[in-house]
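Student: Please take a close look at a single loop residue in this model and at the parts of the fold that the loop connects. I would then like to see how the rest of the chain is arranged around them.

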Amino acid sequence: MNVNKVKIDLNYINEGVSFIYPLFSPEGEKILDARTPLTGELITRFKERHGRYVFYTETGGKAVIPPFRMKLAYNMSREIIGEISKSDKMSKTTFHNAEKLVEDILNDISGSDIEIITLLKDLKDFDEYLYNHSVNVGVLSAVFARLQGRFKQDDMKSLTMGAYLHDIGQRRIDPQLLNKKGVLDVTEFQKIKRHPQLGYEIVKQIAGDNPVLLQSILFHHEKFNNRGYFELPYEHLPEFPKIVSICDIYDALTSVRPFRKDAMSPRNALKAILNSGGTHFDYPLVWGFVNSLGRVLNQEGPFWEIHEICELNTQELALVKSEGLESILKPRLLVFCRFVRAVKTISVNFYSQPREVDLAIDTKRHITKVVNNQTQIRSIRFKLKERGIL
Ligand SMILES: [Fe+2]
């Protein structure tokens with residue numbers, strides 16, 4: 001095994017920083033475990049006992065990072081964490097988790113990552129909205145992926161970097177076109193659609209061959225119905241760009257844009273995400289997003305309105321009776337009919353005896369849509385009243 005001894009200059013290390021490897025004294029004694037934050041007290045003690053330099057052993061051929069680059073990257077990560085704390089996308093708890101997570105990821109740096117973070121910071125001068133959006137998508141992706149609890153740390157880091165830079169290709173597109181109000185013509189849309197490819201090229205030059213990072217950028221506009229920018233078969237795509245994509249849509253829906261004055265509330269955006277299952281995203285992804293991030297993002301009260309109408313995977317309609325205790329998408333329901341959906345209409349066949357169903361117990365039924373067409377809602381509610389159900 002190739003073992004390098006890398007020197008760490010304690011004069012350049014800020015309080016709170018942690019390393020992905022243990023630290024050793026000049027005599028080779030282990031003085032700090034991997035990923036343990038260096039407190040001010042520890043830095044002082046190490047300097048007193050061992051002098052200005054300590055070491056970590058590094059296996060493999062990873063690039064040695066000069067101390068000034070470590071300091072630069074650390075300061076950049078602090079700045080980004082500062083930006084996140086100003087964002088209104090995150091509850092206090094999410095921010096707290098995100099702060100630890102992002103700090104961990106950004107401290108776990110290699111030489112090319114610093115260039116990547118610099119790309120992100122440069123976005124601020126190019127377009128303030130794009131910068132804030134990119135930071136939000138990075139944090140949302142990191143938190144969503146971590147809540148799933150099944151990804152390796154290296155992949156989490158590459159995913160977060162990819163999410164930060166998913167729209168970096170827009171730097172090579174005319175800003176007037178990016179911020180155009182109104183409908184884009186075919187040529188204009190073709191230009192916009194190049195940004196995943198442009199971003200991939202920018203980042204590949206810097207980061208080299210990092211599949212998770214590059215795929216997260218290149219495929220973030222693909223869709224479940226295969227009608228994304230590259231029209232690729234969704235089922236064969238890796239899951240990382242799908243995570244970036246759903247976080248991208250959530251953040252876009254909850255932001256004010258030139259072409260849409262009103263930002264959606266978190267609750268309505270989560271319902272829009274749910275309703276995009278089966279077209280934009282696959283159902284397990286939207287269910288996972290709403291269930292895991294729903295309560296964190298929606299701080300405005302209950303998710304469901306009592307007697308809201310939803311569609312189930314069993315081709316049934318149901319009224320929401322009460323919020324789910326276990327998770328958002330497992331409320332108590334009154335299932336009242338079967339339905340057949342045509343292009344613009346929905347025909348219903350009412351049950352003589354509506355059934356109470358608790359989705360926390362009934363694992364075969366899942367919510368696939370929230371009915372939001374006001375004409376349909378009025379018509380269904382009228383029929384429910386006629387039958388004495390409402
Ligand atoms: Fe994009």
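Tutor: Asn226 counts as exposed, with 12 C-beta neighbours inside 10 Å. The scale rests on C-beta atoms placed from the backbone: a residue is buried if 20 or more others lie within 10 Å of its own, exposed if 12 or fewer, and partly exposed in between. This is a predicted model, in which local features need pLDDT of at least 70 and side-chain atom pairs count only at pLDDT 80 or more, while totals for chains, interfaces and linings use all residues. Residue numbers start from 1 along each chain as its sequence is written.

Asn226 is not a glycine, yet has a positive phi of about 65 degrees. The loop that holds Asn226 runs between helix 10 and helix 11. Helices (H or I, at least four residues) and strands (E, at least two) are DSSP runs, numbered from the N terminus.

Helix 10 (residues 211-218) is mostly covered, with seven of its eight residues buried. These are Val212, Leu213, Leu214, Gln215, Ser216, Ile217 and Leu218. The cover over them includes helix 6 (153-164), helix 9 (195-207) and helix 11 (239-253); contact here requires C-beta atoms, placed from the backbone, within 7 Å.

Two packed helices are described by the angle between their axes and the distance between the axes. For helix 9 and helix 10 the angle is about 160 degrees and the axes are 8 Å apart. This makes helix 9 roughly antiparallel to helix 10. The axes are lines fitted to C-alpha atoms, for helices over the stretch in contact, and angles run from 0 to 180 degrees between N-to-C directions. Angles under 35 degrees count as roughly parallel, over 145 as roughly antiparallel, 65 to 115 as roughly perpendicular and the rest as oblique. The crossing of helix 9 and helix 10 is right-handed, the near helix being turned clockwise from the far one by less than a right angle, whereas anticlockwise would be left-handed. Helix 9 contributes Pro196, Gln197, Gly199, Tyr200, Val203, Lys204 and Ala207 to the contact, and helix 10 contributes Leu213, Leu214, Ile217 and Leu218.

Another residue with a positive phi leads to the sheet. His307, a residue other than glycine, has a phi near 70 degrees and lies in the loop between helix 13 (283-297) and strand 5. His307 is partly exposed, because 13 other C-beta atoms lie within 10 Å.

Strand 5 belongs to an open sheet of five strands, ordered 8-7-6-5-9 with antiparallel pairing. Strand 8 (346-358) and strand 9 (367-370) are at the edges with a single partner strand each, so one side of each has no neighbour in the sheet. On average, and with direction ignored, neighbouring strands of this sheet are turned by 30 degrees against each other. Strands pair if DSSP finds at least two bridges between them.

Strand 5 (residues 309-312) is joined to strand 9 by three bridges, the two running antiparallel, and three bridges also join strand 5 to strand 6 in an antiparallel arrangement. Cys310 takes part on both sides: Val370 stands opposite in strand 9, and Ala318 is the bridge partner in strand 6. Strands 5 and 6 form a hairpin with three residues between them, and Gln315 in the turn has a positive phi of about 60 degrees. Helix 14 (residues 374-386) lies across strand 5, strand 6 (316-322), strand 7 (332-341) and strand 8, at about 65 degrees to strand 8.

His366 sits in the loop between strand 8 and strand 9. With 17 other C-beta atoms within 10 Å, His366 is partly exposed. Apart from neighbours within four places in sequence, His366 contacts Trp287, Leu312 and Asn313. Lys330 is 36 residues from His366 along the chain, and their C-alpha atoms are separated by 7.9 Å.

Elsewhere, helix 5 (residues 128-148) is mostly covered, 15 of its 21 residues being buried. Gly149, just after helix 5, has a positive phi of about 65 degrees.

The secondary structure as a whole comes to 14 helices and nine strands. Of the 390 residues in the protein, 33% are buried. Among contacts between residues at least 6 apart in sequence, 64% join residues at least 24 apart.

How values were computed:
Contact = placed C-beta atoms within 7 Å.
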